[in-house]
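Look through the sequence and the structure below before reading on. The paragraphs that follow take up charged pairs, then nonpolar and aromatic side chains, and then the chain as a whole.

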Amino acid sequence: MTMTFKAVKSNRLNGKGRYVARIVHTQKITTEQLADEINQRCAIDQTNVKAVLEALSHIMTEHLRDGSTVQLDGLGLFKIEAKSRCSDSAEEVTEDNIYAYSAHFIPESENRRPRMYYGLRAKKI
């Protein structure tokens, strides 16, 4: 598999005026497309596959919003993290310190190297 990348100006403090590689995402794969591809690889019809994927999405969201991590075997770990302003003491930290939430994905790995990266190549566009 080969991904494409382009050179873009860095906005990092230590990289101002310099360039970095940025992956170009060529398409968005929908639940419908995933259901169709799964249907082609196993004996479950597309309608049922799509129903399972939609249920997975809802159930994962519920667990993530409750503060759990979600591990999908063969894929990786999903979790929600918070970005927070600093306070001088632990007692002063409240929910008001949190200014953003973000979803994180940690790919499953073997020998500390994610399997999804094996053989991955990138070409410049």
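With which residue does Glu110 form a salt bridge, and how far apart are the closest N and O atoms? The partner is Arg115, and the closest N and O atoms are 3.1 Å apart. The model is a predicted one, and the distances and areas given here are computed from it.

Arg115 also takes part in a salt bridge with Glu108, where the closest N and O atoms are 2.0 Å apart. Glu108, Glu110 and Arg115 are thus linked in a network of salt bridges. Two members of this network can be placed with respect to the surface. Arg115 has a relative accessibility of 35% and counts as partly exposed. Glu110, at 39% relative accessibility, is likewise partly exposed.

How many salt bridges does a search of the whole structure find? The search gives 4. Among them is the pair of Glu32 and Lys50, with 2.8 Å between the closest N and O atoms. Glu32 belongs to helix H1 (residues 31–41) and Lys50 to helix H2 (residues 46–65), so this salt bridge ties together parts that are 18 residues apart in sequence. Glu32 is partly exposed, because its relative accessibility is 38% and the partly exposed class runs between 20% and 50%. Lys50 falls in the partly exposed class too, with a relative accessibility of 26%.

The aromatic side chains come next. The structure holds 1 aromatic pair. Its members are Phe78 and Phe105, whose ring centres lie 4.9 Å apart with 40 degrees between the planes, a tilted arrangement. Which parts of the chain does this pair tie together? Phe78 sits in strand S4 (residues 76–84) and Phe105 in strand S5 (residues 98–107), so the link joins parts that are 27 residues apart in sequence. Phe78 has a relative accessibility of 21% and counts as partly exposed. Phe105 is also partly exposed, with a relative accessible area of 33%.

Phe105 has a second role in this description, as a member of a nonpolar patch on the surface. The patch is formed by Met3, Ile23, Leu75, Phe105, Met116, Tyr117 and Leu120, which together have about 560 Å² of accessible area. Why does Phe105 qualify for the patch on accessibility, when patch residues need over 30% relative accessible area? The value for Phe105 is 33%. Ile23, another member of the patch, is located in strand S2 (residues 19–24). Ile23 is partly exposed at 34% relative accessibility.

These elements can now be set in the whole chain. The chain contains 2 helices and 8 strands. Along the sequence they follow the pattern β-β-α-α-β-β-β-β-β-β. The C-alpha trace spans about 60 × 40 × 30 Å along its principal axes. The radius of gyration is 20 Å, whereas a compact globule of 125 residues would have one near 14 Å.

Burial and contacts complete the picture. Buried residues account for 12% of the 125 residues in the chain. The accessible surface amounts to about 10600 Å², and carbon and sulfur atoms contribute 51% of it. What share of the contacts with a separation of 6 or more comes from residues 24 or more positions apart? Such residues account for 30% of these contacts.

Technical notes: Residues numbered from 1 in each chain as written. Predicted model: local features only at pLDDT ≥ 70, side-chain atom pairs only at ≥ 80, totals over all residues. Heavy atoms only, no water. Salt bridge = Lys/Arg side-chain N within 4 Å of Asp/Glu carboxyl O. Helix = DSSP H or I, 4+ residues; strand = E, 2+ residues; numbered from the N terminus. Buried < 20%, exposed > 50% of the residue type's maximum accessible area, 1.4 Å probe, protein only. Patch = residues over 30% accessible without salt bridge, like charges linked within 9 Å, V, L, I, M, F, W, Y side chains within 5 Å. Areas by Shrake-Rupley, 256 points an atom, 1.4 Å probe, with all protein chains shown as cover. Phe/Tyr/Trp six-rings, centres within 6.5 Å; stacked < 30°, edge-to-face > 60°. Rg over C-alpha atoms; globule rule 2.2 N^0.38 Å. Contact = heavy atoms within 4.5 Å.
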